[in-house]
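Colleague: Please take one strand of this model and go through it closely. I would like to know what surrounds it and how the chain gets to it and away from it.

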Amino acid sequence: MREFIMSKLGILGTGRMGIRLAKMLAEVGQQVILGSRNIDRATKIVQGLGIPNLTAGNYEDAANADVIVFG
């Protein structure tokens, strides 16, 4: 049996698609960093969603994740 190792996922962008992707992936247990050019925007979004494994960051934070998605 293979062991599944979860990578940290960085999503670049806080538009509609980025937010939806971050929310869906975090809800199924994925560690997600939602990156924005404006960290205050990302922080407000993450706080509003209230998902424990979803964190806010800037673009650099998200780009340093194991896997990067452009939202």
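Modeller: L9 stands opposite V32 in strand β2, and β2 is the part I will go through. The model is a predicted one. The pair L9 and V32 belongs to a longer match: strand β1, residues 9–12, and β2 pair in the parallel sense over four bridges. Between these two strands the chain passes through helix α1, residues 16–27, and this β-α-β crossover from β1 to β2 is right-handed.

β2 itself covers residues 32–36 and is mostly covered, with five of its five residues buried. V32, L34 and S36 point one way from the strand, while I33 and G35 point the other way. Both sets are buried.

On its other pairing, β2 meets strand β3, residues 54–58, in the parallel sense over five bridges. V32 has L54 as its bridge partner in β3, and S36 has N58 as its bridge partner there. V32 is thus a residue with a partner in β1, namely L9, and a partner in β3, namely L54. The chain runs from β2 to β3 by way of helix α2, residues 39–49, and these three elements make a right-handed β-α-β unit.

The sheet as a whole is open and has four strands in the order β3-β2-β1-β4, with parallel pairing. β3 and β4 (67–70) stand at the edges with a single partner strand each, so one side of each is left without a neighbour in the sheet. Neighbouring strands of this sheet are turned by 25 degrees against each other on average, direction ignored. Helix α2 packs on the sheet and touches β2 and β3; the direction of α2 makes about 175 degrees with that of β3.

That leaves S36, which is found in β2. S36 has 3% relative accessibility and therefore counts as buried, the cut-off for that being under 20%. Leaving aside residues up to four places away in sequence, S36 touches T14, R41, A42, G57, N58 and Y59. Among these contacts, N58 is also the bridge partner of S36 in β3.

Definitions and conventions. Residues numbered from 1 in each chain as written. Predicted model: local features only at pLDDT ≥ 70, side-chain atom pairs only at ≥ 80, totals over all residues. Heavy atoms only, no water. Buried < 20%, exposed > 50% of the residue type's maximum accessible area, 1.4 Å probe, protein only. Pairing = 2+ DSSP bridges. Right-handed = clockwise from strand over helix to strand, strands pointing away. Axes fitted to C-alpha atoms, helices over the stretch in contact; angles between N-to-C directions. Contact = heavy atoms within 4.5 Å.
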